[in-house]
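Here is a short report on one structure. Look over the chains and the fold before reading on.

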Amino acid sequence: AVFSDYNYTLWNFIPKNLFEQFRRIANFYFLLIFLVQLIIDTPTSPVTSGLPLFFVITVTAIKQGYEDWLRHKADCSINECPVDMVQQGTVVRTQSSKLRVGDVVMVREDETFPCDLLLLSSSHDDGTCYVTTTSLDGESSHKTYYAVPDTMDFKTEQKVDSLHATIESVAIYTGMDTKMALNYQSKSQKRSAVEKSMNAFLIVYLCILISKAVINTVLKYAWQWSVDRDEPWYNHRTEIDRERHVIRAFTDFLAFMVLFNYIIPVSMYVTVEMQKFLGSYFIAWDKDMYDEELGVGAQVNTSDLNEELGQVEYVFTDKTGTLTENNMEFIECCVDGHVYIPHCVPVCTSVDQCGPVWTSVCLCSCVSQEHEDLFFRALCLCHTVQVKEEETVDSIKRGIHLGKPTSFYISSSPDEVALVEENVQCIMSGTKGVVSSCVCSRFELLHVLNFDSVRRRMSVIVKSSSGEYLLFCKGADTSIFPRVVSGKVEQVRARVEQNAVEGLRTLCVAYRSLSPVEYEETCHQLDDAKLALQDREQRLAQAYDLIERDFTLLGATAVEDRLQEKAADTIESLQKAGMKVWVLTGDKMETAAATCYASKLFRRSTQILELTKKRTEEQSLHDVLFDLSRTVLRQRTLSGSGSGNYREIFLEISRNCSAVLCCRMAPLQKAQIVKLIKASKEHPITLAIGDGANDVSMILEAHVGIGIMGKEGRQAARNSDYAIPKFKHLKKMLLVHGHLYYVRIAELVQYFFYKNVCFIFPQFLYQFFCGFSQQPLYDTAYLTLYNISFTSLPILLYSLIEKHISIETLKRDPTLYRDVAKNSLLRWPVFLYWTCLGLFNACIFFFGAYFLFDNTTFTSNGQMFGNWTFGTLVFTVLVFTVTLKLALDTHHWTWINHFVIWGSLLFYVIFSLLWGGIIWPFLNYQRMYYVFMQMLSSGPAWLGIILLITISLLPDVVKKVLCRTLWPTATERAQVGRTLFRLFIVACGLLSHFSSMAMRGCWILA
Amino acid sequence: MMASNYNAKEEDGHQPAAIGHGGAGTVKNKKPDNTAFKQQRLPAWQPILTAGTVLPAFFVIGLIFIPIGIGLFVTSNNIQELEIDYTGVDMSSPCYNCSQSYSWNSTKPCLCSVPFFLDQPFESNVFMYYGLSNFYQNHRRYVKSRDDSQLNGDKASLTSPSKECEPYRTSDNKPIAPCGAIANSLFNDTLELYYIDPNGSRTAIPLVKKGIAWWTDKHVKFRNPGGNDNNLTVVFQGTSKPVNWRKSVYELDPSDPDNNGFINEDFIVWMRTAALPTFRKLYRIIHKKTNMTPTLPLGQYILEVTYNYPVRSFEGRKRMILSTISWMGGKNPFLGIAYITVGSVCFFLGIVLLIIHHKYGNRNHSADIPS
């Protein structure tokens, strides 16, 4: 009965973690290389690949171990959470992990079920309880569950009644067998587009590697065909080696593989991982994304997708709670053309509800006009709001004083909650004044004519204490007005229309008094319809239609679900950045559309295309396709199960729309829409943002899932990849962080491949001059440390703090986002450019050194240099070129960049001096002894190094300058614009006030 | 009558991790620090490579590189160098016989003399090299076939050399000192130079064998076992000479104890494996005697070769090179030409960029300023 979510225990951590890690193809590859080096006679020592591999594995293991430790802690808190268990008629408190099948459990209100349960009885007389199943299926609605009738009365016998048990139930499944655990899908690994490109590049490099090894092996055997070349007198093989000529070709191939294996950089994985892990801290640290009110900042749940934030093409957003505050506010009501706004309403009502049947309203006597009285009675009576507490007035008061009245009302519509709350607040204001004057009137609720989306209204029939029968109706203006026969229709209509334009949700209220005869008739009709076996819905509708007529209009209400702060601005920016924003909501179309207008997703000028019919004919869809001038599509029902053809058409239409609003979406349908777009031809990158449990499925489905950490619980935030406090933070998240991280990681990936081409290709070329004997060009220390220390930190730090353009510019100009759209920095031409640059540089290094060494000396004492000096020269040029190339790419030189770039170069020099400065006792060779110093003591070596670095960097600089001048991208224009601006300020400052104060001001501005 | 479609969101999502009621909700992030680092607002220098900024750099590079290149080129051209191939491939060549009748076991050295004429006097110190072609000193099997600790005077390695030395590790069950393929194939031709006076008499040119190896190699990296002062014959007892050597390591230069055994400079020079299959190694130095006369006056010379080293089997070549040395080493026009070329290219690119900058640059900038 223990719920476990962790992967490792203390004992199996090392073997299991190692196994998991080596299942990654890259790690496995490096392990193979390492083993090959151990087994066969290879040119480089096993240390060269073993050490980096060990480093990578250790870092990853520590990271995973830490994460698993956190999971252990979380599991402990679940498994040790206290549970009330009924044993022999008494309640025993125990840990949830101790629960066994068959135990009787007592669960109080607002508690979480510890396991799957069978409801025996509840504190309600009728044995019902209300349960939300958000964590199971994402539906947040309250569901009624009935206790098993046989056990309904057990509560008295077992004397748990006195303990106010809400639910008492038998454990059916516990621990890992619970529905929850079975349903619990571990978040599937989301892989970013960058990672996919990276893997594609890796495959290319693997092919290059293998072909290099094959070419060299073939050439080796062609070259050493004659014995005098294979085994000249000065260089015999050992006897053992001579005998193994059969497998020799294969080991030669492997040896070449080992020699060139550094072209696939081991350290790239660890650097990328570190970049993502450390980089995500900057998101969490961002104070612009910190919400004072909630006291939370952005939260990063997975760091794997930082760069994906810069690639988003489709944004799927939830409406309620995401675009809007999900905080309905009663704005005004209009009774008989008189407009009342809150706190001025002279009406006091109170809701007292005992179960769903009885409703009584306490009206204060301060109401004078009859219609107003009726209006507020209607509001109080005509709803489906449930009060959760038993004690009426006290609890409501308490609730209000605690400042969160919403937790006491549950309803199908947030509008109703707002209305009832408003009424409740009226009582409060009333009771403060003249409590004593309250007159209680009791109403008996006779019938409820439920809301449906066709009628768009609901009604209740009540019997007042005086024996009057009244029908109250509340609904959308369009469905009420045609049925009104009296009342101040014109004034109310004008008000309603005005409210609608302001984006408020409006409801009209009307009533009709029924005579006892009429009431009997009505009852009859309703009962007939309800009991009908065939066409029940249709007959009910007919009956409703007959009953709901001849209304007297009472008035209208206006409720506002306020847009979140800067929601409109954010949406506008996202659209400018080239993203398509889709709103997926469970709401009604009208409300959703109003929000869309308010948030500038739809404009007054946009043409709207509605796909609202349930079964739209394919032909008509085809027609729609031809008429693409319409830009906005709303879809009420997605026939997800429809034919594939239908889907494609929907896809095609909606992809051509600038904004799409999908209404009445179930959680799963939201996910289906996301899936549909994801699977379309271009495979666009999708982002889903939502705040509630109903958005979880879509958040999990999209490439990037963002949860809003509103006051509405954390289901979405917990399942998301990133969580932000407010919708407006999405702007900075995508436009700034996404853009920057994409640029950073793109450079990181390209640069890594580049620097390893530069590193390994000279070694490949050297084989042509050493008889294809797999002689390494560089010393073992250089081979090992090149990726680990000489060139690792500059790129890591670059990829953490590079800002090719200022944050302000990125925020100000969303169109810059288009510059990095569609993975533009990791496309094949760019990759080819980097690879060619690497090859070019490698040739420069190698042949430059070759011509310098060509059968001559370059010392002033006539002494000669050997092969290790040759390699060291190439390596020195290599390290400097590769580091300076990064320096040229750096646009944002903080002291950290300076420190790391110049520090790495210095470290290389110091290391080389040290490495060659001592006879190292633990080494069995001293080939590097004084090599570096001897090289530096010669003038031409210096000149040669400077020359080769210059040649290597020249083409890239020229390319950059030409591209910037002739075909500047928007980003580059923005960069230059900024510089000019800065220069301008500095110049002004210098000219006008040549004082230190002005200078300081300039620096601050700069 | 319960609500069936509830849009307002629930207070607490019931996830297993949040069973402690409201526990997760109470965990509040601390407000992020407003430090420049955490807010990514560290003060920074933001250079941008535009035509305007790169232009001066190109001109400066051009202006610096071209003079350097010219200097290097002139220096390289002033260096005098003479190369004589004495392999003896041609029938006409004086060493033809020696190259044909070669045998490792012959006790009688084969001598040949190669006459040559110096049409220009070598003014400064002259460095004498031997050069080998098609000799793969950089072959992997060859490069690693040595034992550095043995060469450093380690007694344990002297008696049991490293396995890397195979198959040149032991002979007749005795460890080879110095072991390995490199040592085994030590270049053992002897070159002597004679000036032929106009009157016909031969004058031996004094060849200095000190200073041809790196100082650090000679004094630190290479050491005789048990120090350099001991009697080497005793020290090397129990070891065998390399298979292809005619004499033991302690007989390399019996005349000079500072140049014998492992610290023999010819040996050290050879042990530094060359980078490329065609290479030269410093053999002797001819010091300038007085300021008045050139080191090697123009005239007739004879190169006396004791022909021991076989290269015909792998189609190798043997050369003797005489060269003067400048501050930038031997004759190598590459560096000078490369500098001139790069300088000119930079200069040319500077001009091209200047044109482009004037034609297009202004257009871009004027469009940018309002933004």
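Which element gives the largest share of the lining of the largest cavity? The answer is E8(B), with four residues. Keep in mind that this is a predicted model.

**Cavities**

Across the whole structure, a search finds 16 cavities of 30 Å³ or more. The volume of the largest cavity is about 200 Å³. Its lining holds 20 residues, and those closest to the centre are Met864(A), Phe865(A), Ala274(B), Arg280(B) and Lys281(B). By class, the lining counts 13 nonpolar, three polar and four charged residues. In chain B, helix H10 (265-271) and strand E8 (279-286) each supply at least two of the lining residues.

**Domains and annotated spans of chain B**

The domain assignment splits chain B into domain 1 (52-79 + 336-359) and domain 2 (83-325). Domain 1 is thus written as two segments, while domain 2 is written as one. Between the C-alpha centres of domain 1 and domain 2 of chain B there are 43 Å.

An unreviewed UniProt entry annotates residues 48-74 and 334-356 of chain B as "transmembrane region". The table gives the computed values for these spans.

| Span of chain B | Helix | Strand | Distance between end C-alpha atoms |
|---|---|---|---|
| Residues 48-74 | 89% | 0% | 38 Å |
| Residues 334-356 | 100% | 0% | 32 Å |

**Backbone details of chain B**

Where do the cis peptide bonds reported here sit? One joins Glu166(B) and Pro167(B), with omega about -5°. Pro167(B) is in the loop between helix H6 (155-159) and strand E4 (170-171). Another runs from Ala177(B) to Pro178(B), and its omega is near -10°. The loop that holds Pro178(B) lies between strand E5 (174-175) and helix H7 (181-184).

Asn134(B) is a residue other than glycine with a positive phi, near 60°. Asn134(B) is placed in the loop between strand E3 (126-133) and helix H4 (140-143).

**Confidence**

The model has an ipTM of 0.91 and a pTM of 0.81. For chain B, mean pLDDT is 84, and 87% of the residues reach 70 or more.

Two stretches call for care. Over residues 1-29 of chain B, pLDDT stays under 50, and the model has 81 contacts beyond four places in sequence for them. Residues 365-371 of chain B also stay under 50, with eight such contacts. Where pLDDT is low, predicted coordinates should not be read in detail.

Conventions: Residues numbered from 1 in each chain as written. Chains lettered and ligands numbered in written order. Predicted model: local features only at pLDDT ≥ 70, side-chain atom pairs only at ≥ 80, totals over all residues. Heavy atoms only, no water. Domains from an automatic or database assignment. UniProt positions renumbered as here; feature names shortened; annotations may be inferred. 1 Å grid on protein atoms, 1.4 Å probe; cavity = no way out; pocket = protein on both sides within 12 Å on 5 of 7 lines; lining within 4 Å. Points joined across faces, edges and corners; volume = space filled by probe spheres on them. Nonpolar A, V, L, I, M, F, W, Y, C, P; charged D, E, K, R; others polar. pLDDT = per-residue confidence, 0-100. Contact = heavy atoms within 4.5 Å.
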